[in-house]
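Thanks for coming. I have one structure to go through today, so please have a look at it before I start.

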Amino acid sequence: MAPSNDHCPPHRIAASPMNAEHLLTHFDRLADAPDAIPRLRRFILDLTVRGKLVEQDPEDELAGELLKKIAPEKQRLVAEGKFKSLDTTELDNEAEHVPFTIPANWVWCRLDDIAAIARGGSPRPIKAYLTDDKDGINWIKIGDSDRGSIYINETKEKIRPDGLKKSRMVFPNDLILSNSMSFGYPYILNIQGCIHDGWLVIRTPDGLLDKLFLYNLLLSSHSRNTFSNAAAGAVVQNLNADKVRQLPVPLPPLAEQHRIVAKVDELMAVCDRLETARKEREATRDRLVTASLARLNASDPGPAVFQNHAAFALNNLTPLTTRPDQIKALRQTILNLAVRGKLVEQDPEDEPAGELLRRVAAEKKRLVEAGEIRKLRMLSLTDEAPFDIPPSWEWRALGEIVHLENGDRSKNYPSGGDIKTMGIPFFNTKNVSDYAVKFDQLDFITEEKFKSLRSGKMKDLDILITLRGSVGKLGLFQATEQFTTGFINAQLLIVRNIECSLVRFCLTFMKSQVFLNQIFARSSGSTTPQLSASQLAEVLIPLPPLAEQRRIVAQVDELMVVCDRLEAGLAAGEKTRGRLVEAVLHETLATGRPEV
């Protein structure tokens, strides 16, 4: 048994509950910080085990005396329940040998000093022991627990009474602890039953320990870190009974245990209210964001109404967008407006899109006749236009304005060695992300091999799109002095604009949900979605006059910069609030006053 605090050093850091109270009173100001409320809950438990949550009362019986009363009662539990104990549980209370400093009337001990601990057992094969008989014994499984709940009140299954000899009976008010997989989670039983070997039972003497104090102790960072360290290194991490028996326990007087439990209940209720209030704020903001963006995306609200909705949304971007998913939705709304002709005004002086299309058709014919591209089958607008567009725009099949080229299907690449300094780069799906073609992690082939390829050769401003798995990932290839070309495999497809001035608007369209909805509807394969060049060629694109395309792209770029700033500000704000919460919690936890 651990010694009492007679060996304590003369100077102790006494509890400082007033600092904790001050923090908790004003914590609602920090509640919107990332992970703030879960951290507050952990902080409360940290205060609990350090004696900083409530004042110590000099009239309380010392914990050392309580430990002397517990010892014989714990041994009785061991004998009656055929539990095992550690051979020695000596724990030196000198400050340098314990995890942290505790109040003078507390004592350090091992969990084995105050509780009988044993592993459950499973009769096998378990299916042979399951029963629907009303006289069956409750079979308590991990699935009967509810993370965040203190108690287990019922079970889904029962076992036959003869299964008891291969298991372990537990009783109401026993505390059980998960010891495998998601280990270290405690629950208090309101039922009698049997536990399998995924549980440990922790049985304490009646009337000498507050079971809820022990429950809070086991949930604290102190206990969870101790258990994690004890389980580290194993292929399948689990807690055996001896590891749990060795847990260092900071034991308060029994009267203080009761006060601590009452205070924890009170503060956890405050956390519940903060969490509910935060969820309500988020729900209100979500409804406002959804409604604002829905108004912008409405089919035809009329120019004046639309301008009012747009002005409201754009003037309130910062308060409306407080999460990354909201900024993502805003980006899609901007793209949606762009491809519907609602982002910039139409200019009657612009050359109509029809004239541009005639030039594209003539150039495409020339390239086919020159043998530079293959002739594509005749395309027609078989699908109904998804929405109305301005009169100067035209709906066209994507295949009419672009050349689609499959990647090379050969498997005799890439090569390695010194080719990396002199060869042609090979791009695959890992090089396509964030709408760009990345030049890191490249493989290469020789120029001789490249010349022999019949397809998949890239040119500047080609758009690459993935055809397998994550269908629709896009990347714009922008040639560099080092890499003027490259080639792709069959997982990718080249989208090459016949008219290079169309590239930027085409990419803007392909980023939009209007494009994505069409390719997802066309892609085949339930397990692994796939898209073909012929399917992509049939996608409908709303084409503006060339001058308007340029205005649209410029406006989209400008608004995406705003979104980038919002995203960066959001990340910086969350990081700052997170650091603030961490600093305040640390300061409050570490604060104390010397006591002689």
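What percentage of the 596 residues in the chain is buried? Buried residues make up 49% of the chain. Please keep in mind that this is a predicted model.

Some overall numbers next. The chain has 19 helices and 25 strands. If you take contacts between residues at least 6 apart in sequence, 78% of them join residues at least 24 apart. The exposed surface of the chain comes to about 29,700 Å², and 51% of that is supplied by carbon and sulfur atoms.

I will take the sheets now. Strands of a sheet pair through backbone hydrogen bonds, in either the parallel or the antiparallel sense.

One open sheet has five strands in the order E4-E7-E5-E11-E8, and its pairing is mixed. Strand E4, residues 130-131, and strand E8, residues 168-170, are at the edges with a single partner strand each, so each has one side without a neighbour in the sheet. Within this sheet, strand E5, residues 137-140, runs parallel to strand E11, residues 193-195, and two bridges join them. Ile140 stands opposite Ile195 of E11.

Another open sheet of five strands has the order E3-E12-E9-E10-E6, also with mixed pairing. Its edge strands are E3, at 116-119, and E6, at 151-152, and each of these pairs on one side only. Strand E9, residues 175-178, and strand E10, residues 186-189, run antiparallel and are joined by three bridges. Here Leu177 stands opposite Pro186 in E10.

Two further strands are worth a look for their faces. Which residues of strand E13, residues 248-251, lie on each side? Pro248 and Pro250 are on one side, Val249 and Leu251 are on the other, and all of them are buried. Both faces of E13 are therefore covered. E13 pairs with strand E2, residues 107-110, in the antiparallel sense over four bridges. In that pairing, Pro248 of E13 is the bridge partner of Arg110.

Strand E14, residues 394-397, has side chains that alternate. Trp395 and Ala397 point to one face and are buried, whereas Glu394 and Arg396 point to the other face and are not. E14 runs antiparallel to strand E24, residues 540-543, with four bridges between them. Arg396 stands opposite Ile541 in E24.

On to the helices. Two packed helices are described by the angle between their axes and the distance between the axes.

Take helix H6, residues 211-219, and helix H7, residues 221-231. Their axes come within 4 Å and cross at roughly 55°. That makes H6 oblique to H7. From H6, the residues in contact are Leu217, Leu218 and Leu219, and they meet Ser221, His222, Ser223, Arg224 and Phe227 of H7. By class, this contact has four nonpolar, three polar and one charged residues.

The other pair is helix H16, residues 503-511, with helix H17, residues 513-522. The axes of H16 and H17 come within 4 Å, with a crossing angle of roughly 65°. H16 contributes Phe509, Met510 and Lys511, while H17 contributes Gln513, Val514, Phe515, Leu516 and Gln518. The classes in the contact of H16 with H17 are five nonpolar, two polar and one charged residues.

How many of the nine residues of H16 are buried? Seven are, so H16 is largely enclosed by the rest of the structure. The buried residues of H16 are Val503, Phe505, Cys506, Leu507, Thr508, Phe509 and Met510.

I will finish with two loop positions.

Asn431 sits in the loop between strand E16, at 424-427, and strand E17, at 432-433. Is Asn431 buried or exposed? Asn431 has a relative accessible area of 1%, and the cut-off for buried is under 20%, so Asn431 counts as buried. Leaving aside residues up to four places away in sequence, Asn431 touches Phe426, Ala436, Val437, Lys438, Asp440, Gln441 and Leu442.

Ser524 is in the loop between H17 and helix H18, at 533-537. Its relative accessible area is 39%, which makes Ser524 partly exposed. With residues up to four places away in sequence again not counted, Ser524 touches Pro529, Gln530 and Gln535. Ser524 and Arg468 are 56 residues apart in sequence, and 9.8 Å apart in space from C-alpha to C-alpha.

Conventions. Residues are numbered from 1 along each chain as its sequence is written. This is a predicted model: local features need pLDDT of at least 70, side-chain atom pairs count only at pLDDT 80 or more; totals for chains, interfaces and linings use all residues. Side-chain values use heavy atoms; hydrogens and water are left out. Buried means under 20% relative accessible area, exposed over 50%, partly exposed in between (1.4 Å probe, protein chains only). Contact means heavy atoms within 4.5 Å. Accessible areas come from the Shrake-Rupley method with a 1.4 Å probe; for residues, only the protein chains shown count as cover. Two strands pair if DSSP finds at least two bridges between them. Axes are lines fitted to C-alpha atoms, for helices over the stretch in contact, and angles run from 0 to 180 degrees between N-to-C directions. Ala, Val, Leu, Ile, Met, Phe, Trp, Tyr, Cys and Pro count as nonpolar, Asp, Glu, Lys and Arg as charged, and the others, Gly among them, as polar. Angles under 35 degrees count as roughly parallel, over 145 as roughly antiparallel, 65 to 115 as roughly perpendicular and the rest as oblique.
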